[in-house]
Amino acid sequence: MELSKTYDPKAAEERWFQTWIDLGYFKADPDREGPIFSIVIPPPNVTGQLHLGHALNATLHDIIVRTRRMQGYNTLWLPGTDHAGIATQNAVEKDLAREGKNRHQLGRDKFLDRVWQWREEKGGKILLQLRRLGASCDWSRERFTLDPGLSRAVNRTFVELFKRGLIYRDRRLINWCPRCESAISDLEVDHKEAQSSLWYIKYPFADATGYVTVATTRPETMLGDTAVAVNPEDDRYKSIAGRMLRLPLMGREIKVIADSAVDPKFGTGAVKVTPGHDLNDFEIGKRHGLEQIGVMDARARMNENAGVYQGLGRDDARRQIVEDLRAQGLLEKIEPHPNKVGVCSRCDTVIEPLLSEQWFVRVREMAERSMAAVRDGRTTFFPKRWERTFFEWMENVHDWCISRQLWWGHRIPAFRCDRCNHLAVAEERPEKCEECGGHDLVQDDDVLDTWFSSGLWPFSTLGWPDDTPELRKYYPTSLLITGFDIIFFWVARMMMLGLEFMDDVPFHDVYITPLVRDEYGKKMTKSKGNVVDPLDLMNQYGTDAVRLTLAQLAAQGRDVILSHDRFAAARAFANKIWNAARFVIMNLEGAPRPLPAADRAQLGLAERWILDRLDAAVREVTRAIDAYEFNVAAMAIYGFVWREFCDWYIELSKDSLKAGGERQAAARWVLVMCFDRMLRLLHPFMPFISEEIWQVIREYLSEPGLSKHLAVAKFPAADSQGWISREDLAAMNRCIAATEAVNSLRSLLGYHPGQRVRAVIRALNGADLSTEFSKWKPYALTMAKAEDIELLAPEASLPAGAVTAVLEWGEVAVLAPDGFDFAKALGVVRKKLDEVTTHHMQHLARLNNPDFQAKAAPEMREQIRERAAELESQRKLLTEQLRQLEAAA
């Protein structure tokens, strides 16, 4: 079998993924032996399309799952999708609107039929896209949050929480989206800066002896005022507390109350209290026993309590109320006022606090158990700083409003008897009322918050409430990989419900992925036009290149800054591996299959060195993956493959490959040994190209019980005996340093790539190179393209006209070519040094500027820091080159 001249990513990706699926390599088996590694996919919305955040998340999942599978773990990576209540219902309602229809015209049952049809036709596309990325999930176990098994788990959870007194129904002020016509949680409200106004309105005393001026940002809700509040410590208003006012436009009397929640610095220090439309006022109203009057309906139109304004939308009502106040002389003034407006995170509609009967979960005790599990180490966050975010939310948690006024979702399993009004909560519809025996039971119209079912995901997907082999084997899961933006939505809920129903944490580790930004450090959004489709990237660069790039940039605690240059570099890396593989295969012509192992004692210094460097890469990659340092692992592989194996060892092996006999046999064995283990190390990051090449290399391997495919081959482990002595390793490191110094100097002196140079080395600081130099001189001659490299005695003088690099253990000098113009070269270097120094100082000035530190985004500050570090490195190099030229001139 041969490798084609160029690598065809698309063909390899389609062929190998289907092969792995057909052979069942990704299937979990609870009866299989081995340590357990289980992980569930954060279920993407059934409406979702793959974006770079998904691609990053899935890539990191796949890296660790493939690694653990190759390490012999019994692995389960469980895929699935979320029904995404509001998002999916909105998508279908938009389709209906294009047809001139709405859901109410269809009715609930027919609308749900339409949603299920939509789900079959369009939903779940993102899972196909994740397959394209190479996600090695157990696709036979795909779940959906509305499938029968998970729906049964949801009902059981609701009923059990109700029995335990943790679910209750109450009339409260909640966040209401007039567009979705549903309650939404605090977490589903985005707060946006808006330029609003502050209206100053006169509230006359009921006895007509004057008035109090009240400042408000919402004049339209004044129709529901039931008091005016002042701070009890505010001397301006102590005398009026308890007096009665007449509510403008409505005429009813309301009281002036004193409450410490009032900010004396806001407006006039006197505020209107509208318990039916403001969360803070609702709490004030409870303390003072105030009436709760709602003046808007579910679509934010003024209702019957709004008097003559009934039927107006809230914006129209505001305009009319302001005009009427002005006409009656009750509008004192209007001032500009910046304000934060809450909007629905799904549809961007301004939310309206409304009084409504809703279902709630008491979460305080569950939150305490969850925090204790993190504090005692049963669950650990990576990076650690996200634990603080988790605690901040948990310590301030409010009861969770779980009911939504939607049709798509898990319908609340509560049934009201039409005859006696008795409420029954049961997993299935009761045959009759347990109180009166009536049969007219009506199920609650509301559905559960999507995050309620998602919160059960780690154990409901494993068969709970049944005691299944999967549940016993794979719960708790090993790791959760997810974004920081759903720590509250999802991670916290899974912790609470997992501990409540499984008496154990749902996952041992939580890795929080960084945010993906564009090359300028800006968040990717449709409005900015900087969103990049990962499918386009995969088509352009190949899936392996996309995966490697995402892994390389996934540093803990730092955002991912993407650019096409990085993807192009990863594609070049794939081509480098491919060409190296073709070189190896070409030089195995006529070799026995499998290759006999080489005698360790017969291996040369270069062979022992590259095997040692491979072991070092294996150790570092393994350590980094265990620590979820995916970028470190990816760069360790990249560095070994590109620099040490391709740039160094392949070049050094060429003479041995030409020599024939034992030298050739040893070099062949080392090349195959390195390539095999290198591909195993690379496979979790670049599964397709590594499998494609390994199928050719495999023919030369003599491993007992060798697997047929790399996807299930053994992950490499470092050799226990070691390959090289400390002395020989130090010698090879000096060879590399000397060679790099020669190449740097030849570039400085303007040698053409094909020109041979003459170099000398003189030991410093007592280093004795006399014995080792003969071992590595041939390597240095090859890699430096040198005509000769001479080792001078420590007391000897360096030749005149030579440019010198000073290393820790010696000096390396290269003779300048005939006619070299030192003055001109010095001028060029000085000019470059001046430019770099100027730019370096500019970047340092920005970093030291307090205004920049205060106003610049963290990503921009990091970019400037990185660029300053690059410029500092360039400055040091140019300074050293200047010293080298000045010393030789």
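**Close-up 1. Cysteines without a disulfide.** In this predicted model, the sulfur of Cys420 sits 3.6 Å from the closest cysteine sulfur, which belongs to Cys433, and that is too far for a bond. The cut-off helps here: a disulfide needs two cysteine sulfur atoms within 2.5 Å. Cys420 itself is partly exposed, at 34% relative accessibility. Searching by this rule gives a count of zero disulfides. Cys180 is likewise in no disulfide, and its nearest cysteine sulfur, that of Cys177, is 3.6 Å away. Is Cys180 buried or exposed? With a relative accessibility of 3%, Cys180 counts as buried.

**Close-up 2. A salt bridge between helices α19 and α2.** Side chains of opposite charge can pair when their charged atoms come close. Here, the side chains of Asp626 and Arg68 form a salt bridge, with 2.9 Å from N to O. Asp626 belongs to helix α19 (residues 605-626) and Arg68 to helix α2 (residues 52-70), so this pair ties together parts that lie 558 residues apart in sequence. Look at how the two partners are placed: Asp626 is partly exposed, with a relative accessible area of 40%, while Arg68 is buried, with a relative accessible area of 8%.

**Close-up 3. A salt bridge inside helix α10.** Glu368 and Arg364 meet through their side chains in a salt bridge of 3.2 Å, N to O. Where do these two residues lie? Both are in helix α10 (residues 364-375), and they are four residues apart, about one turn of the helix. Glu368 is partly exposed at 38% relative accessibility, and Arg364 is partly exposed at 34%.

**Close-up 4. A salt bridge between helices α20 and α19.** The side chains of Glu644 and Arg613 also meet in a salt bridge, at 3.2 Å from N to O. This pair links distant parts of the chain, with Glu644 in helix α20 (residues 630-659) and Arg613 in helix α19, 31 residues apart. Glu644 counts as buried, at 13% relative accessibility, whereas Arg613 is partly exposed, at 23%.

**Close-up 5. A network of salt bridges.** Which residues are joined by salt bridges that share partners? Arg218, Glu220, Arg314, Arg318 and Glu352 make up one such network. For the wider picture, a search of the whole structure finds 71 salt bridges.

**Close-up 6. Thr88 and its surroundings.** Thr88 is part of helix α3, which covers residues 85-98. Thr88 is buried, and its relative accessible area is 0%. What does Thr88 touch, apart from its neighbours within four places in sequence? Its contacts are Val46, Thr47, His83, Val115, Trp118 and Trp408.

**Close-up 7. A four-stranded sheet and a helix across it.** Follow the strands of this open sheet in the order β27-β26-β29-β28, and you will find that their pairing is mixed. At the edges are β27 (786-792) and β28 (802-806), each of which pairs on one side only. Ignoring direction, neighbouring strands of the sheet are turned by 20° against each other on average. Five bridges connect β28 with strand β29 (residues 810-815), and this pairing is antiparallel. Thr804 stands opposite Ala813, a residue of β29. Helix α24 (residues 773-784) lies across β26 (757-763) and β27, and runs at about 145° to β27.

Conventions. Residues numbered from 1 in each chain as written. Predicted model: local features only at pLDDT ≥ 70, side-chain atom pairs only at ≥ 80, totals over all residues. Heavy atoms only, no water. Salt bridge = Lys/Arg side-chain N within 4 Å of Asp/Glu carboxyl O. Buried < 20%, exposed > 50% of the residue type's maximum accessible area, 1.4 Å probe, protein only. Contact = heavy atoms within 4.5 Å. Pairing = 2+ DSSP bridges. Axes fitted to C-alpha atoms, helices over the stretch in contact; angles between N-to-C directions.
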